[in-house]
Amino acid sequence: MKNRVPLVLAGLLNLVAWSVVFVVIVSLKCERGHNNTEATRIRNNKSESAALPVIIASNTANIGHSTTSISTAVKKTFDEPSYLQWNPSTPPNIPNDWKFTRPRFCKNIANFRYDNATHGKQTIIVHHHMQHNAGTRLWGTAREFVPCALRSCWQKYKHCMVSYDENVEANHIRDNFKKYGVQYHSYELMLPPRFSLPFVSEEARRDLFFTTIVRDPFKRLLTYARRHNYTEIGYKEESPFWIDLQTGNQGPYAGDNLNARWLSGAQEQLSNDHVNIAKCRLQLFDLVIADKLYEYALKKVICPLNNWKGALYCNDKIKKIERQSKPDPLNETDPMLIGAWIERLRPSFEIYDYARILSWKQMKERGVQDLPVLSEVPSYMETLARYTNLEVTDSHLKNIRRVSVKNEGYFQPPVEFCDGMKRVWTSNPDGKRSVCDIFRSIILCRASSVSHLCTFPLKWCRM
């Protein structure tokens, strides 16, 4: 018995020694990653965290939840970046008795039979429809040409949002085309920050064409304002101007920065990181459609995708006159309130200006000719000028960046930030996380550098 004591002590000392070595190695790696992240953050001065943690939902039964009981513990340990947090009570749970329900507008679906020789060569359009951004107009065109066009895909009907894994979601979209003729998917929802849309990998994007329409945020607000009497309630306590700022009232159809929120998943306060998430998403769309380029996008890019032809929608005639909106509901509103709304919408204006650059550039790259000249005046300045009779001159633009392809680098998000978001969007596998995943997330590093170590080779874990 006495002879065993030294052996036990030696074993314990050996274990302690190896533990110290392991902790030192991990600490060095974490510190190195942390220092790199700090340098990136200082250099960009825009991002809360340039390197993003990969903390995933535990299963698809809670799709849309960014955290579960396990990841909540991890979040408390690492203090997950605020721009990746998502209220778990917002999205619906997936029913157990899930089945596909045919949308009521799919009039051509009854006799649909998938033919690989014909349909296998066609493209499925996946559209992110932000409310009051002309998405219904595009859907109205699509439904005239495809067997089935979803005006708004529904999770509970097994149309979309079946998985956080972009490959599972992509295969589901392709299966819905083969089985039910769904060739136009419309995601009309606020995208959770971890949900991958558009998809990132080439395999997930196969046979899919991603597009979205980005409208002038103030014109979108005017559509929203027509449902409220802004002239009478202006500054009163029931005014959306105040209500939308209250925590918990930032619903998906609120007037405050809807475009920025739906692209980034920001449910409460907006930050520069949310704006960067929105811009990173825009970069992944095959075609960003700026509102003033809608006719060109539809007739020169969308219609030729699957050889759509029709006198009313897909012809060669481009309307040079911008589509007229309904009467302005803010004509008799206090100018101070209008100015306050314009300032509130600055995040969406910044995203809109970047979308205008991308839209013009993407169509030029696709060979679209005779595009209208891209206005170089920042959209928030144009809006201010419209309501204040301000004349924007070259002298105003001496110290303000012009909106142009030449200045794209100024408007685009940091490369490091987008690379980090791509790691998040492509690291959302279904199924419960393994013990090794949990162990790796909890002990390796704090949130600012854990993404550098997400594949750390723990020898006793099966990689």
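Two strands pair if DSSP finds at least two bridges between them. Helices (H or I, at least four residues) and strands (E, at least two) are themselves DSSP runs, numbered from the N terminus. The model is predicted: local features need pLDDT of at least 70 and side-chain atom pairs count only at pLDDT 80 or more, while totals for chains, interfaces and linings use all residues. Residues are numbered from 1 along each chain as its sequence is written, and side-chain values use heavy atoms, with hydrogens and water left out.

**Exercise 1. Determine in which sense β1 pairs with β4 and with β3, and give a partner in each case.**

Step 1. Between β1 (124–128) and β4 (208–214) there are five bridges, in the parallel sense. H127 has T211 in β4 as its bridge partner.

Step 2. Strand β3 (residues 182–187) also pairs with β1 in the parallel sense, over four bridges. Here V126 stands opposite H185.

Step 3. Consider next the two faces of β1. I124, V126 and H128 point one way, I125 and H127 the other. All of these residues are buried, where buried means under 20% relative accessible area, exposed over 50% and partly exposed in between (1.4 Å probe, protein chains only).

**Exercise 2. Compare the span of helix α12 with the expected value, and explain why α12 is described as largely enclosed.**

Step 1. The expected span is 1.5 Å times one less than the number of residues. For the 12 residues of α12 (294–305) this gives 16 Å, and the helix reaches 15 Å from its first C-alpha to its last, which is close.

Step 2. Nine of the 12 residues are buried, so α12 is largely enclosed by the rest of the structure. Among the buried residues are Y294, A297, L298 and C303.

Step 3. The cover over these buried residues includes β1, β4, β5 (287–290), α4 (135–142) and α14 (346–365).

Step 4. After α12 comes N307, with a positive phi near 60 degrees.

**Exercise 3. Describe how α4 and α12 pack.**

Step 1. The axes, which are lines fitted to C-alpha atoms over the stretch in contact, lie 12 Å apart at an angle of about 25 degrees; such angles run from 0 to 180 degrees between N-to-C directions.

Step 2. The two helices are therefore roughly parallel, since angles under 35 degrees count as such, over 145 as roughly antiparallel, 65 to 115 as roughly perpendicular and the rest as oblique.

Step 3. Contact means heavy atoms within 4.5 Å. R137, L138 and T141 in α4 meet Y294, E295 and L298 in α12.
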